[in-house]
Amino acid sequence: MTDELTQARLKELYTYDKTTGIFTSLVARGRVPKGHQTKGSVNAAGYCRLRIDGELHYAHRLAWLYEYGDWPTVLIDHRNEDKGDNRIDNLREATNAKNKQNVTRKPASSGVVGAIAKRGKFISKIKVEGKSIHLGTFDTAEEAGEAYQTARVKLHPFSNEASVVKALLA
């Protein structure tokens, strides 16, 4: 196995444009010509990767290494939830719990996010640090959804920051 990729080695091979999230090759390597611009190949999960010295690396982690000189110590979260957007301003370190806060929730079978239909009523729950918190049972899906959104603002502050960023980037 090769030594861990360093910032110095990365900068020998690529430049990184922090405003676009694109890497540009500084040397011709194999089929990659010098000056080739890339976000990297996209895997099944939607993350961009680059092969460097025979090893695949996630582009968002490479961007972090390029800009800050060290590998991230935890996960890297894409603030706007776009896994292909590797601009440094869109990346932040996050614990697994915080990373899970920054996910767009899909509506439940009721058609409302945070409202689960059960026996003619609607239950609202939210997860915090892996624990499910019951927010109440409501007569309408909208009431349950409102309870969920209110709790999310209070209990998922990391997602609130992401929502602001998404609005600014839209």
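1. A salt bridge is here a side-chain nitrogen of Lys or Arg within 4 Å of a carboxyl oxygen of Asp or Glu. In this predicted model, R92 and D77 satisfy that criterion, with an N to O distance of 2.8 Å between their side chains. Because R92 belongs to strand β8 (residues 91–94) and D77 to strand β7 (residues 75–78), the contact ties together parts that are 15 residues apart in sequence. Both residues of this pair, R92 and D77, are buried.

2. The count of salt bridges comes to five. One of them joins R9 to E12, whose closest N and O atoms are 2.8 Å apart. R9 and E12 are three residues apart in helix α1 (residues 7–13), so about one helical turn separates them. R9 has a relative accessible area of 27% and is therefore partly exposed; E12, with 47%, is also classed as partly exposed. The contact does not stand alone, since R9, E12 and D53 are linked in a network of salt bridges.

3. A further salt bridge brings together the side chains of D139 and K121, at 2.4 Å from N to O. This pair links distant parts of the chain, 18 residues apart: D139 is in the loop between β11 (131–138) and α4 (141–155), whereas K121 is in strand β10 (residues 121–128). K121 has 36% relative accessibility and so counts as partly exposed.

4. Turning to the rings, the count of aromatic pairs comes to five. The ring centres of Y14 and F23 lie 6.0 Å apart with the planes at 80 degrees, so this pair is edge-to-face. The ring centres of Y16 and F23 are 4.9 Å apart and their planes stand at 40 degrees, which means that the pair is tilted. F23 thus takes part in the edge-to-face pair with Y14 and in the tilted pair with Y16.

5. How buried or exposed are the residues of these two pairs, Y14, F23 and Y16? F23 has 0% relative accessibility and therefore counts as buried. Y14, at 4%, is buried, and Y16, at 8%, is likewise buried. The cut-off that decides these cases is a relative accessible area under 20%.

6. Which residues make up the aromatic cluster? Y14, Y16, F23 and Y66 form one such cluster. Y66 has a charged neighbour as well: K11 lies over the face of the Y66 ring, 4.7 Å from the ring centre.

Conventions: Residues numbered from 1 in each chain as written. Predicted model: local features only at pLDDT ≥ 70, side-chain atom pairs only at ≥ 80, totals over all residues. Heavy atoms only, no water. Phe/Tyr/Trp six-rings, centres within 6.5 Å; stacked < 30°, edge-to-face > 60°. Buried < 20%, exposed > 50% of the residue type's maximum accessible area, 1.4 Å probe, protein only. Lys NZ or Arg CZ within 6 Å of the ring centre and 35° of its normal. Helix = DSSP H or I, 4+ residues; strand = E, 2+ residues; numbered from the N terminus.
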